[in-house]
Amino acid sequence: PRVRTPTVPRPAFAPHTADWTREAWAGRKVALVTGITGQDGSYLADLLLAKGYHVHGIIRRSSSFNTSRLHHLFGNERVERLALHYGDLTDTTALVHIISQVQPSEVYNLGAQSHVKVSFEMAQYTADVDGTGTLRLLDAIRTCGLDQLAKFYQASTSEMYGQVQAVPQDEDTPFYPRSPYGVAKLYAYWITVNYRESYGMFASNGILFNHESPRRGRTFVTRKISRAVAEISLGRQECMYMGNLDAMRDWGHARDYVEGMWRMLQHPTASDFVLASGESHSVREFIEAAFRVVGRSIAWSGAGVDEVGTDDLGNVVVRVDPRYFRPAEVERLLGDAGKARTVLGWTPTVSFDQLVEEMVLADMASAKYLVEDLN
Ligand code: NDP
Ligand code: GDR
């Protein structure tokens with residue numbers, strides 16, 4: 001993939017002059033996305049390019065390709081409006097340099113060490129990227145004189161509710177994070193609110209509940225399950241090893257959720273919004289639904305670490321492995337997206353069963369392709 005310098009013409013006026021109002025600046029339609037190589041970043045890039053934006057993404061230097069989720073854009077005429085810049089949320093100088101070059105009208109901060117279990121092993125790094133990284137980005141916008149012009153989206157998370165204080169959770173539910181990731185994201189949430197209140201920045205938090213897709217990272221539970229079901233149904237894997245089967249999550253489709261992010265920045269005033277499906281399912285239910293897609297049903301027996309799932313052919317296809325347990329768990333999440341529905345007109349369009357089916361079928365298709373490749 002090419003990493004290119006920006007193609008967007010510089011604005012005719014310095015941004016801090018009175019010639020630019022926030023509305024006029026928004027008309028530039030130039031977006032800067034951190035985390036563009038991730039699941040959400042790639043769907044957001046699709047959405048913004050389709051809406052005519054110039055999209056600038058920050059990518060990390062890696063010894064191997066980390067742009068596979070953007071590959072479908074290369075060779076597409078829209079790629080002319082996509083530019084990638086090397087940078088990192090730990091590198092203030094790079095952030096200032098990129099923002100001063102790009103002069104964005106919208107900044108989406110999706111970059112993060114986003115794995116909850118990993119955050120227990122890399123707590124300090126997670127705090128630096130997910131917490132302080134958000135502060136660095138907000139300060140870089142101010143340093144470049146764009147604080148009254150650029151709109152800012154922060155990828156906040158339902159993990160901030162952690163040990164939930166009310167069911168369902170909405171914008172007024174108190175937070176009680178249960179992981180270094182959740183704690184770091186809580187800092188990012190509040191520094192976003194603080195910069196909005198202190199400096200009048202247009203800065204909004206999207207408090208997003210879990211959202212998934214065929215582009216989901218392979219170590220998150222839904223994708224781990226959809227891949228394993230595909231492999232098991234093709235006879236290439238016998239069993240999947242899972243952590244807490246009782247955990248309940250409010251799962252939606254990532255494509256719907258990036259639409260919600262965009263809507264938050266089009267609203268006349270900055271605010272904080274929950275995006276959620278309004279349904280909660282256990283990990284066990286996700287596994288059952290995934291096996292249904294390939295025509296198998298699962299019977300459960302045993303309990304705790306000895307619980308197993310057996311398919312209708314009599315094969316043990318699910319076992320519990322305590323290695324995947326977390327030092328502290330978020331047991332049950334269920335979101336209320338009433339505010340986003342009323343204020344932004346946002347509603348999720350993909351049901352739980354449709355999501356599971358899309359993910360399993362996509363993994364079946366790529367697994368079959370690999371089999372054919374090997375033959
Ligand atoms: P992913 O893990 O798929 O993507 C994370 C992105 O952040 C990747 O592009 C990654 O780059 C980048 N990144 C990691 N570390 C750094 C760093 N130090 N500097 C700059 N970029 C970095 O996450 P999702 O797409 O699923 O989530 C997007 C955001 O939304 C994250 O902030 C996540 O915490 C948050 N969120 C996600 C939810 C979900 O259910 N998906 C729910 C609520 C919030 P690389 O590809 O090089 O690793
Ligand atoms: P989560 O997502 O922690 O909610 O964070 P994940 O898919 O990792 O876990 C969901 C639940 O499933 C349980 N679980 C397992 N999880 C994983 N990864 N692997 C397993 O084998 C397994 N077995 C059971 C977990 O214990 C947990 O309860 C995601 C991330 O995208 C965050 O960045 C985001 O902020 C939140 O969603 C909302």
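Helix H5 (residues 123-143) and helix H6 (residues 180-199) pack together at an angle of about 15 degrees, with 8 Å between their axes. Angles under 35 degrees count as roughly parallel, so H5 is roughly parallel to H6. Keep in mind that this is a predicted model. A second helix pair, a ligand shell and a domain taken from a UniProt record round out the picture below.

**Where H5 meets H6**
- The crossing of these two helices, H5 and H6, is right-handed.
- On the H5 side, the contact is made by Ala123, Thr126, Ala127, Asp130, Gly131, Thr134, Leu135, Leu138 and Arg142.
- H6 answers with Pro180, Tyr181, Ala184, Lys185, Tyr187, Ala188, Ile191, Thr192, Tyr195 and Tyr199.
- Sorted by class, the contact of H5 with H6 holds 12 nonpolar, four polar and three charged residues.

**Where H7 meets H9**
- Helix H7 (residues 221-233) packs against helix H9 (residues 283-293) at an angle of about 30 degrees, and their axes are 10 Å apart.
- With angles under 35 degrees counted as roughly parallel, that makes H7 roughly parallel to H9.
- The crossing of H7 and H9 is right-handed.
- From H7, the residues that take part are Val221, Thr222, Ile225, Ser226 and Val229.
- Their partners in H9 are Val283, Phe286, Ile287, Ala290 and Phe291.
- There are no charged residues in the contact of H7 with H9, which is made up of eight nonpolar and two polar ones.

**Around ligand 1**
- Look around ligand 1 and you'll find 26 residues surrounding it.
- The closest of them are Gly35, Gly38, Gly111, Ala112 and Ala155.
- Helix H2 (39-50) and strand E5 (151-157) each bring at least two residues to this shell.
- H2 gives the largest share of the shell, three residues.
- What's the mix of classes in the shell around ligand 1? Polar residues number 16, alongside seven nonpolar and three charged ones.

**The annotated domain**
- An unreviewed UniProt entry places the feature "domain: NAD(P)-binding" at residues 32-359.
- In the model, the end C-alpha atoms of residues 32-359 lie 28 Å apart.
- Helix accounts for 37% of that span, residues 32-359, and strand for 18%.

Conventions: Residues are numbered from 1 along each chain as its sequence is written. Chains are lettered from A and ligands numbered from 1 in the order in which they are written. This is a predicted model: local features need pLDDT of at least 70, side-chain atom pairs count only at pLDDT 80 or more; totals for chains, interfaces and linings use all residues. UniProt positions are given in the numbering used here, feature names are shortened, and annotations may be inferred rather than shown by experiment. Helices (H or I, at least four residues) and strands (E, at least two) are DSSP runs, numbered from the N terminus. A residue is near a molecule or strand if its C-beta atom, placed from the backbone, lies within 6 Å of it. Ala, Val, Leu, Ile, Met, Phe, Trp, Tyr, Cys and Pro count as nonpolar, Asp, Glu, Lys and Arg as charged, and the others, Gly among them, as polar. Axes are lines fitted to C-alpha atoms, for helices over the stretch in contact, and angles run from 0 to 180 degrees between N-to-C directions. Angles under 35 degrees count as roughly parallel, over 145 as roughly antiparallel, 65 to 115 as roughly perpendicular and the rest as oblique. A crossing is left-handed if the near helix is turned anticlockwise from the far one by less than a right angle, and right-handed if clockwise. Two residues are in contact if their C-beta atoms, placed from the backbone, lie within 7 Å.
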